[in-house]
Amino acid sequence: MNESLELGFEVSKLLAHSGYQADAPAFSITWGQIAEEIARIVIAHNLPSGQLTKETVVVLADDIRRDIQHLDPLNWREVVLDRVMTCRAINPALWEPEYEPDEGPLVEQYENATRLGDDESFWVDGGESADFFEE
């Protein structure tokens with residue numbers, strides 16, 4: 001709980017330095033409440049708190065403000081949860097690395113698997129002329 005308060009204070013400080021005062025209303029809630037919720041989510045989901053840079057927090061706050069204004073403001077906690085969990089900078093594990101269309105770990109595994117036994121003696125001749133009992 002103490003860790004959450006400390007992180008909430010740090011997020012509030014970053015927001016305050018960017019013009020978002022903690023006691024100013026964001027909509028029907030304050031930026032201080034949003035900062036506390038961001039901190040709670042980051043800690044509850046073991047997300048890296050070091051990713052909460054000034055730029056990330058400001059972009060996150062703008063996204064949260066926009067979403068709260070367009071959605072039901074009574075569900076502001078769900079909006080904050082969704083924005084934090086889908087933020088690429090905060091939760092990079094959610095996002096797949098960008099690969100070329102013909103590359104990636106599964107393609108590489110498939111290519112390696114299909115290369116096994118490429119030599120002709122590996123494959124059994126199963127055609128009409130094949131005799132399985134030939135030596």
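Which residues in H2 meet which residues in H4? I opened the notebook with this, keeping in mind that the model is a predicted one.

**Entry 1: the meeting of H2 and H4.** I went along H2 and noted that Gln33, Ile34, Glu37, Ile38, Ile41 and Val42 are the residues that meet H4, where their partners are Trp76, Arg77, Val80, Leu81, Val84 and Met85. Sorting this contact by class, I found nine nonpolar residues, one polar residue and two charged residues. I then looked up how the two helices lie to one another, and their axes come within 10 Å and cross at roughly 50°. I wrote down H2 as oblique to H4, because an angle of that kind falls neither under 35 degrees, nor over 145, nor between 65 and 115. The crossing in which H2 passes H4 is right-handed.

**Entry 2: the largest nonpolar core.** Next I looked up the largest nonpolar core, which has 25 residues, and of these Ile34, Ile38 and Val84 touch the most other members. Helix H1 (2-17), helix H2 (31-44), helix H3 (54-70) and H4 each supply at least two residues of this core, while the largest share, seven residues, comes from H2. I followed Val84 further and, leaving out residues up to four places away in sequence, listed its contacts as Ile38, Ile41, Val42, Leu47, Leu60, Ile90 and Asn91.

**Entry 3: Asp82.** I turned to Asp82, which lies in helix H4, the stretch of residues 76-85. Is Asp82 buried or exposed, or does it fall in between? Its relative accessibility is 37%, so I entered Asp82 as partly exposed, the range between the 20% and 50% cut-offs. I also checked its place relative to Ile41, and the two are 41 residues apart in sequence but 9.9 Å apart in space, taken from C-alpha to C-alpha.

**Entry 4: two buried residues, Thr56 and Ser12.** I looked up Thr56, whose place is in helix H3, and its relative accessibility of 13% is why I recorded Thr56 as buried. What does Thr56 contact, leaving aside its neighbours within four places in sequence? I found Gln51, Cys87, Ala89 and Ile90 on that list. Ile90 had already come up in my notes, as one of the residues that Val84 touches.

Last, I looked up Ser12, which is found in helix H1. Ser12 has a relative accessible area of 16% and is therefore buried. Not counting residues up to four places away in sequence, Ser12 touches Gly32 and Ala35.

How values were computed:
Residues are numbered from 1 along each chain as its sequence is written. This is a predicted model: local features need pLDDT of at least 70, side-chain atom pairs count only at pLDDT 80 or more; totals for chains, interfaces and linings use all residues. Side-chain values use heavy atoms; hydrogens and water are left out. Helices (H or I, at least four residues) and strands (E, at least two) are DSSP runs, numbered from the N terminus. Buried means under 20% relative accessible area, exposed over 50%, partly exposed in between (1.4 Å probe, protein chains only). A nonpolar core is a set of buried Ala, Val, Leu, Ile, Met, Phe, Trp, Tyr and Cys residues joined through side-chain atoms within 4.5 Å. Contact means heavy atoms within 4.5 Å. Axes are lines fitted to C-alpha atoms, for helices over the stretch in contact, and angles run from 0 to 180 degrees between N-to-C directions. A crossing is left-handed if the near helix is turned anticlockwise from the far one by less than a right angle, and right-handed if clockwise. Ala, Val, Leu, Ile, Met, Phe, Trp, Tyr, Cys and Pro count as nonpolar, Asp, Glu, Lys and Arg as charged, and the others, Gly among them, as polar.
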